[in-house]
Amino acid sequence: MKTLQSLLEANRAWSGRMQREDPQFFSRLAQQQQPQYLWIGCSDSRVPANQIVGMLPGELFVHRNVANVVVHSDLNCLSVLQYAIDVLGIRHVIVCGHYGCGGVQAALNKRDIGLINNWLLHVRDVYHRHREFVDRAADESTAIDRLCELNVIEQVRNVARTTVVEHAWQRGATLTIHGWIYSIRDGIIRDLGVSTAGNAEVEGNFEQALGRLSRG
Ligand code: CO
(Lines give C-alpha, C1' and ligand atoms only; values in the text may rest on other atoms or scores of the structure.)
Protein backbone atom coordinates (compact mmCIF):
# COMPACT_ATOMS: atom_id res chain seq x y z
CA MET A 1 0.00 0.00 0.00
CA LYS A 2 1.38 3.39 -1.01
CA THR A 3 1.59 6.05 1.67
CA LEU A 4 0.23 9.52 0.92
CA GLN A 5 3.80 10.85 0.92
CA SER A 6 4.71 8.46 -1.86
CA LEU A 7 1.76 9.73 -3.91
CA LEU A 8 3.08 13.28 -3.64
CA GLU A 9 6.57 12.11 -4.57
CA ALA A 10 5.16 10.26 -7.57
CA ASN A 11 3.36 13.46 -8.58
CA ARG A 12 6.61 15.48 -8.49
CA ALA A 13 8.36 12.85 -10.57
CA TRP A 14 5.50 12.81 -13.10
CA SER A 15 5.45 16.61 -13.38
CA GLY A 16 9.22 16.65 -13.93
CA ARG A 17 8.96 13.95 -16.59
CA MET A 18 6.18 15.79 -18.42
CA GLN A 19 8.15 19.04 -18.44
CA ARG A 20 11.31 17.35 -19.69
CA GLU A 21 9.35 15.79 -22.56
CA ASP A 22 7.48 19.00 -23.39
CA PRO A 23 8.66 22.17 -21.59
CA GLN A 24 5.52 24.12 -22.68
CA PHE A 25 3.07 21.38 -21.68
CA PHE A 26 1.71 22.92 -18.49
CA SER A 27 1.87 26.56 -19.57
CA ARG A 28 -0.13 25.68 -22.69
CA LEU A 29 -2.76 23.81 -20.68
CA ALA A 30 -2.96 26.61 -18.13
CA GLN A 31 -4.25 28.94 -20.89
CA GLN A 32 -7.30 26.84 -21.71
CA GLN A 33 -8.60 23.32 -22.17
CA GLN A 34 -9.81 22.07 -25.55
CA PRO A 35 -10.87 18.47 -25.02
CA GLN A 36 -12.52 16.79 -28.00
CA TYR A 37 -14.40 14.12 -26.09
CA LEU A 38 -16.63 13.74 -23.05
CA TRP A 39 -16.18 10.41 -21.28
CA ILE A 40 -18.98 9.12 -19.06
CA GLY A 41 -17.61 6.05 -17.31
CA CYS A 42 -17.64 3.96 -14.17
CA SER A 43 -15.73 5.02 -11.03
CA ASP A 44 -14.04 1.58 -10.98
CA SER A 45 -10.30 2.03 -10.35
CA ARG A 46 -9.54 -0.48 -13.11
CA VAL A 47 -11.04 1.76 -15.78
CA PRO A 48 -8.93 4.96 -15.77
CA ALA A 49 -10.42 6.96 -18.63
CA ASN A 50 -7.39 8.86 -19.99
CA GLN A 51 -5.00 5.97 -19.67
CA ILE A 52 -7.00 3.35 -21.55
CA VAL A 53 -7.48 5.57 -24.60
CA GLY A 54 -3.93 6.97 -24.45
CA MET A 55 -4.94 10.55 -23.74
CA LEU A 56 -2.99 13.27 -21.99
CA PRO A 57 -4.31 15.88 -19.56
CA GLY A 58 -6.41 18.35 -21.54
CA GLU A 59 -7.68 15.81 -24.07
CA LEU A 60 -10.63 14.18 -22.30
CA PHE A 61 -13.46 15.75 -20.30
CA VAL A 62 -14.56 13.18 -17.75
CA HIS A 63 -17.57 12.30 -15.64
CA ARG A 64 -17.51 9.07 -13.66
CA ASN A 65 -19.95 7.50 -11.25
CA VAL A 66 -20.70 3.99 -10.05
CA ALA A 67 -21.96 1.92 -13.01
CA ASN A 68 -21.80 4.86 -15.51
CA VAL A 69 -25.42 5.85 -15.03
CA VAL A 70 -27.00 8.93 -16.64
CA VAL A 71 -30.05 9.96 -14.61
CA HIS A 72 -32.24 12.72 -16.00
CA SER A 73 -32.44 14.52 -12.68
CA ASP A 74 -28.73 14.19 -11.76
CA LEU A 75 -27.63 17.82 -11.73
CA ASN A 76 -23.99 16.78 -11.47
CA CYS A 77 -23.97 14.69 -14.65
CA LEU A 78 -26.25 17.12 -16.50
CA SER A 79 -23.97 20.03 -15.64
CA VAL A 80 -20.94 18.17 -16.97
CA LEU A 81 -22.86 17.34 -20.15
CA GLN A 82 -24.08 20.90 -20.63
CA TYR A 83 -20.67 22.45 -20.01
CA ALA A 84 -18.99 19.96 -22.32
CA ILE A 85 -21.41 20.57 -25.19
CA ASP A 86 -22.40 24.23 -24.84
CA VAL A 87 -19.17 25.75 -23.51
CA LEU A 88 -16.38 23.44 -24.64
CA GLY A 89 -18.06 22.55 -27.93
CA ILE A 90 -17.43 18.83 -27.56
CA ARG A 91 -18.75 16.77 -30.47
CA HIS A 92 -18.39 13.25 -29.13
CA VAL A 93 -19.90 11.92 -25.92
CA ILE A 94 -18.72 8.42 -25.03
CA VAL A 95 -20.60 6.32 -22.50
CA CYS A 96 -18.14 3.59 -21.59
CA GLY A 97 -19.19 0.74 -19.35
CA HIS A 98 -17.08 -2.26 -18.43
CA TYR A 99 -17.56 -5.99 -18.07
CA GLY A 100 -17.56 -7.37 -14.55
CA CYS A 101 -18.88 -4.07 -13.15
CA GLY A 102 -19.42 -4.44 -9.38
CA GLY A 103 -22.28 -1.93 -9.46
CA VAL A 104 -24.08 -3.85 -12.19
CA GLN A 105 -23.46 -7.11 -10.33
CA ALA A 106 -24.90 -5.67 -7.10
CA ALA A 107 -27.92 -4.37 -9.01
CA LEU A 108 -28.50 -7.82 -10.49
CA ASN A 109 -28.03 -9.74 -7.25
CA LYS A 110 -29.76 -7.16 -5.06
CA ARG A 111 -26.78 -7.48 -2.71
CA ASP A 112 -27.18 -5.10 0.24
CA ILE A 113 -24.23 -2.69 0.19
CA GLY A 114 -25.91 0.29 1.82
CA LEU A 115 -26.96 3.67 0.49
CA ILE A 116 -25.58 2.97 -2.97
CA ASN A 117 -28.32 0.37 -3.53
CA ASN A 118 -30.62 3.34 -4.19
CA TRP A 119 -28.35 4.61 -6.96
CA LEU A 120 -28.08 1.12 -8.41
CA LEU A 121 -31.87 0.87 -8.66
CA HIS A 122 -31.39 2.71 -11.96
CA VAL A 123 -29.44 -0.32 -13.19
CA ARG A 124 -31.99 -2.62 -11.57
CA ASP A 125 -34.61 -0.84 -13.72
CA VAL A 126 -32.54 -1.69 -16.81
CA TYR A 127 -32.56 -5.34 -15.68
CA HIS A 128 -36.34 -5.30 -15.26
CA ARG A 129 -36.81 -3.92 -18.77
CA HIS A 130 -34.67 -6.70 -20.28
CA ARG A 131 -35.20 -9.39 -17.72
CA GLU A 132 -36.06 -12.15 -20.14
CA PHE A 133 -32.82 -11.72 -22.14
CA VAL A 134 -30.59 -11.39 -19.06
CA ASP A 135 -32.16 -14.40 -17.31
CA ARG A 136 -31.59 -16.55 -20.41
CA ALA A 137 -27.80 -16.29 -19.90
CA ALA A 138 -26.05 -19.61 -19.30
CA ASP A 139 -24.33 -18.50 -16.11
CA GLU A 140 -24.10 -15.59 -13.70
CA SER A 141 -21.04 -13.92 -15.19
CA THR A 142 -22.65 -13.95 -18.66
CA ALA A 143 -25.80 -12.42 -17.14
CA ILE A 144 -23.73 -9.66 -15.50
CA ASP A 145 -21.89 -8.96 -18.76
CA ARG A 146 -25.21 -8.80 -20.65
CA LEU A 147 -26.56 -6.33 -18.15
CA CYS A 148 -23.31 -4.30 -18.42
CA GLU A 149 -23.89 -4.01 -22.20
CA LEU A 150 -27.61 -3.25 -21.84
CA ASN A 151 -26.81 -0.60 -19.25
CA VAL A 152 -24.50 1.21 -21.70
CA ILE A 153 -27.12 1.10 -24.46
CA GLU A 154 -29.78 2.47 -22.10
CA GLN A 155 -27.46 5.23 -20.87
CA VAL A 156 -26.68 6.31 -24.44
CA ARG A 157 -30.40 6.79 -24.93
CA ASN A 158 -30.62 8.65 -21.63
CA VAL A 159 -27.88 11.05 -22.77
CA ALA A 160 -29.64 11.53 -26.11
CA ARG A 161 -32.93 12.37 -24.43
CA THR A 162 -31.55 15.12 -22.18
CA THR A 163 -32.65 18.65 -22.99
CA VAL A 164 -28.96 19.52 -23.35
CA VAL A 165 -28.45 17.11 -26.25
CA GLU A 166 -31.90 17.70 -27.77
CA HIS A 167 -31.26 21.45 -27.88
CA ALA A 168 -27.80 20.96 -29.36
CA TRP A 169 -29.26 18.86 -32.18
CA GLN A 170 -32.12 21.33 -32.67
CA ARG A 171 -29.67 24.14 -33.29
CA GLY A 172 -27.80 21.94 -35.78
CA ALA A 173 -24.75 21.12 -33.68
CA THR A 174 -22.60 18.19 -34.81
CA LEU A 175 -22.79 15.85 -31.86
CA THR A 176 -22.60 12.07 -31.60
CA ILE A 177 -23.29 9.91 -28.57
CA HIS A 178 -21.38 6.61 -28.50
CA GLY A 179 -21.70 3.43 -26.42
CA TRP A 180 -18.56 1.46 -25.63
CA ILE A 181 -17.66 -1.33 -23.27
CA TYR A 182 -14.24 -2.07 -21.79
CA SER A 183 -12.92 -5.47 -20.80
CA ILE A 184 -10.91 -5.50 -17.58
CA ARG A 185 -9.56 -8.91 -18.64
CA ASP A 186 -7.61 -7.73 -21.70
CA GLY A 187 -7.90 -3.92 -21.68
CA ILE A 188 -9.79 -3.84 -24.98
CA ILE A 189 -12.75 -1.52 -25.68
CA ARG A 190 -15.62 -2.72 -27.86
CA ASP A 191 -17.96 -0.35 -29.70
CA LEU A 192 -21.55 -1.45 -29.08
CA GLY A 193 -22.63 0.12 -32.38
CA VAL A 194 -25.20 2.45 -30.92
CA SER A 195 -23.63 5.77 -32.04
CA THR A 196 -26.38 8.34 -32.44
CA ALA A 197 -26.03 11.72 -34.15
CA GLY A 198 -29.57 13.12 -34.17
CA ASN A 199 -33.01 12.98 -32.56
CA ALA A 200 -34.46 10.90 -35.39
CA GLU A 201 -31.87 8.12 -34.85
CA VAL A 202 -32.31 7.64 -31.11
CA GLU A 203 -35.02 4.98 -30.97
CA GLY A 204 -33.97 3.12 -34.13
CA ASN A 205 -30.34 2.79 -33.00
CA PHE A 206 -31.48 1.71 -29.57
CA GLU A 207 -33.71 -1.05 -30.95
CA GLN A 208 -31.04 -2.21 -33.42
CA ALA A 209 -28.39 -2.42 -30.72
CA LEU A 210 -30.73 -4.43 -28.50
CA GLY A 211 -31.55 -6.72 -31.42
CA ARG A 212 -27.84 -7.37 -32.11
CA LEU A 213 -27.21 -8.21 -28.46
CA SER A 214 -30.10 -10.63 -28.20
CA ARG A 215 -29.02 -12.41 -31.40
CA GLY A 216 -25.55 -12.80 -29.83
CO1 CO B 1 -18.13 -0.52 -12.71
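Helix H8 (residues 140-161) lies across strands E1 (37-42), E3, E4 and E5, and it runs at about 165 degrees to E4. The model described here is predicted. This report begins with the sheet beneath that helix contact, then turns to individual residues and aromatic pairs, and ends with the division into domains.

## The sheet

The strands crossed by helix H8 belong to an open sheet of 5 strands, arranged in the order E2-E1-E3-E4-E5 with mixed pairing. Strand E2 (60-65) and strand E5 (189-191) are the edge strands, each pairing on one side only. From one strand to the next, the twist averages 25 degrees. Strands of a sheet pair through backbone hydrogen bonds, in either a parallel or an antiparallel manner. The table lists the pairings of this sheet together with one pair of facing residues for each, where available.

| Strand pair | Bridges | Direction | Facing residues |
|---|---|---|---|
| E1 and E2 | 6 | parallel | Trp39 and Val62 |
| E1 and E3 | 5 | parallel | Ile40 and Val95 |
| E3 and E4 | 7 | parallel | Val95 and Gly179 |
| E4 and E5 | 3 | antiparallel | Tyr182 and Ile189 |

Val95 appears twice in this arrangement: Ile40 of E1 stands opposite Val95 in E3, and the bridge partner of Val95 in E4 is Gly179. Strand E3 comprises residues 92-98 and strand E4 comprises residues 176-182.

Strand E1 is largely enclosed by the rest of the structure, because 5 of its 6 residues are buried. Strand E4 is likewise mostly covered, with 6 of its 7 residues buried. E4 continues into E5 through a hairpin that has 6 residues between the two strands. Within that turn, Gly187 has a positive phi of about 75 degrees.

## Residues on the helices

Asn158 is found in helix H8. With a relative accessibility of 16%, Asn158 counts as buried. When neighbours within four places in sequence are left aside, Asn158 is in contact with Val70 and His72.

Arg157 lies over the face of Phe206, at 3.6 Å from the ring centre.

A further buried residue is Tyr127, which is found in helix H6 (residues 116-129). The relative accessibility of Tyr127 is 5%, so this residue counts as buried. Leaving aside neighbours within four places in sequence, Tyr127 is in contact with Leu108, Val134, Asp135 and Leu147. Tyr127 and Val104 are 23 residues apart in sequence, and their C-alpha atoms are 9.3 Å apart in space.

## Aromatic pairs

A search of the whole structure finds 4 aromatic pairs. One of them is formed by Phe25 and Phe26, in an edge-to-face arrangement with 5.1 Å centre to centre and 80 degrees between the planes. The two partners differ in burial: Phe25 is buried, with a relative accessible area of 6%, whereas Phe26 is partly exposed, with a relative accessible area of 28%.

Trp39 and Trp180 form another edge-to-face aromatic pair, with 6.4 Å centre to centre and 80 degrees between the planes. Trp39 lies in strand E1 and Trp180 in strand E4, so this pair ties together parts that are 141 residues apart in sequence. Trp39 counts as buried, at 1% relative accessibility. Trp39 also stands opposite Val62 in E2.

Ring pairs additionally link Trp14, Phe25 and Phe26 into a cluster.

## Domains

The protein is divided into domain 1 (1-31) and domain 2 (34-215). The centres of domain 1 and domain 2, taken over C-alpha atoms, are separated by 31 Å.

Notes
Residues are numbered from 1 along each chain as its sequence is written. This is a predicted model: local features need pLDDT of at least 70, side-chain atom pairs count only at pLDDT 80 or more; totals for chains, interfaces and linings use all residues. Side-chain values use heavy atoms; hydrogens and water are left out. Domain bounds come from an automatic or database domain assignment. Two strands pair if DSSP finds at least two bridges between them. Helices (H or I, at least four residues) and strands (E, at least two) are DSSP runs, numbered from the N terminus. Axes are lines fitted to C-alpha atoms, for helices over the stretch in contact, and angles run from 0 to 180 degrees between N-to-C directions. Contact means heavy atoms within 4.5 Å. Rings of Phe, Tyr and Trp (its six-membered ring) pair if their centres lie within 6.5 Å; planes under 30 degrees apart count as stacked, over 60 as edge-to-face and the rest as tilted. Buried means under 20% relative accessible area, exposed over 50%, partly exposed in between (1.4 Å probe, protein chains only). A charge sits over a ring if NZ of Lys or CZ of Arg is within 6 Å of the ring centre and within 35 degrees of the ring normal.
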